Amino acid sequence: MHKLPVHPRKLGRSLGRANRHWNTILYYRRHIFRTLFVVLVVAVWASQSLAQNSQVLPKPELAQGFRQMYNLDFANAHRTFRAYQNISPEDPLGFVADAAAYLFSEFNRLHILESDLFVSDEHFDSRSVEQPDPAVKTSFEAALAHSDELVAKTLAKSPNDANALFARVLANGLRGDYAAMIEKRNLASLTYMKTSRATAQQLLAIDPTCYDAYLAIGVENYLLGSTPAPVRWVLRITGGQTDKEAGVERLRRTAEKGYYLAPFARLLLAVAALRDKDKSTARTLLAGLAQEFPRNQLYSKELARIE
């Protein structure tokens with residue numbers, strides 16, 4: 001009879017310890033797998049969330065409202081924007097878009113966008129301070145204030161949220177336009193313009209496909225680049241961007257690929273062409289706008305002026 005190398009009791013205890021050890025391994029392996037699975041799910045969710053936050057996603061409802069606004073259908077533009085606000089109350093773009101409709105309605109009422117005001121420096125410098133509609137101004141500022149609150153709330157959690165940055169770009173651009181064209185507060189307008197441009201640069205570093213944001217950079221460069229050389233020198237010292245050709249190139253990007261602001265960029269390019277005595281380019285741009293927005297008599301009126 002062969003002698004067992006290990007006593008049965010010791011063997012049983014060893015097997016018991018081995019079994020418990022194996023169960024422990026299995027337990028921790030399952031735990032590790034579950035943890036890895038959770039980590040993987042969170043990582044995928046985070047990457048998707050980051051991808052969404054890193055882009056200004058197209059919103060057809062807002063695009064419709066902008067088209068109504070360009071067609072001077074302000075009542076329906078406001079209805080469209082407010083319907084979007086009800087659907088997406090945390091999106092600041094719904095409120096800043098509503099502010100844009102208020103501003104453009106004032107521009108239309110006061111005939112501010114007519115080209116003779118911009119083509120002639122003398123006319124622009126001697127423009128009068130307009131009398132804004134107090135109710136429209138209150139609504140304009142309230143819409144922007146609500147947008148600002150939502151932007152601050154979003155950026156406190158996600159500093160690189162592209163949608164919130166785009167809303168900030170638009171809000172400061174609208175404030176700058178109101179200050180310059182209605183209130184004739186040029187220095188205040190310049191401050192808003194620079195802030196809008198700086199935010200646009202931050203946004204485009206995150207989402208280069210947000211072509212609407214190029215308008216803020218284009219407007220500053222073109223307007224400040226059109227000033228006399230001594231003025232440009234002072235503006236550059238104070239942080240302004242004054243490259244006129246770069247401004248036109250940025251405006252073209254918005255005009256060709258912008259989602260909300262392309263028509264406005266095309267109007268600005270038409271004005272720039274008229275300033276450069278390029279009636280052919282201005283005529284082409286205005287004819288396209290007149291065809292696309294038949295209710296907006298501004299385009300056909302300006303077209304007739306240069307025929």
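Me: What covers the buried residues of helix 7?

Reply: The cover includes helix 4 (92-110) and helix 8 (162-181). Cover here rests on contact, meaning heavy atoms within 4.5 Å. This is a predicted model: local features need pLDDT of at least 70, side-chain atom pairs count only at pLDDT 80 or more, and totals for chains, interfaces and linings use all residues. Residues are numbered from 1 along each chain as its sequence is written, and side-chain values use heavy atoms, without hydrogens and water.

Me: Which residues of helix 7 are called buried, and why?

Reply: They are V136, F140, A143, L144, S147, L150, V151 and L155. The word applies because each falls under 20% relative accessible area; exposed is over 50%, and partly exposed is in between (1.4 Å probe, protein chains only).

Me: What makes residues 134-157 one helix, and how do you know that its span agrees with the expected one?

Reply: A helix is a DSSP run of H or I, at least four residues; a strand is a run of E, at least two; both are numbered from the N terminus. The expected span is 1.5 Å times one less than the number of residues. For the 24 residues of helix 7 that gives 34 Å, and the end C-alpha atoms are 35 Å apart, so the two agree.

Me: What sits at the start of helix 7, and why is it called a polar contact?

Reply: A side-chain oxygen of D133 comes within 2.9 Å of the backbone nitrogen of A135. The label needs N or O atoms within 3.5 Å; within protein, one must be able to donate a hydrogen and the other to accept it, and residues adjacent in sequence count only if both atoms are side-chain atoms.

Me: What makes D148 and R175 a salt bridge?

Reply: The rule asks for a side-chain nitrogen of Lys or Arg within 4 Å of a carboxyl oxygen of Asp or Glu. D148 and R175 meet at 2.5 Å, N to O. D148 is in helix 7 and R175 in helix 8, so the pair ties together parts 27 residues apart in sequence. R175 also contacts F140, L144, A145 and Y192, among residues beyond four places in sequence.

Me: Why is D148 called buried, exposed or partly exposed?

Reply: Its relative accessibility is 31%, so D148 counts as partly exposed.

Me: How do you know that E183 and K137 form a salt bridge, and where do they lie?

Reply: Their side chains meet at 3.0 Å, N to O. E183 is in the loop between helix 8 and helix 9, K137 in helix 7, 46 residues apart. E183, at 18%, is buried. K137, at 25%, is partly exposed.

Me: What makes E249 and R253 a pair within one helix?

Reply: Their side chains form a salt bridge of 2.7 Å, N to O. Both lie in helix 12 (residues 244-257), four residues apart, about one turn. E249 is partly exposed at 28%, and R253 is partly exposed at 29%. Elsewhere, salt bridges with shared partners join R67, R266 and E292 into one network.

Me: How many salt bridges does the rule give?

Reply: The count is 15.

Me: Why does D212 have no salt bridge, and what does its side chain reach?

Reply: Lys and Arg count as positive, Asp and Glu as negative; His and the chain ends are not counted. D212 is buried, and the nearest side chain of opposite charge, R266, is 10 Å away. D212 lies in the loop between helix 9 (186-206) and helix 10 (214-225). Its side chain reaches the backbone nitrogen of L261 at 2.9 Å.
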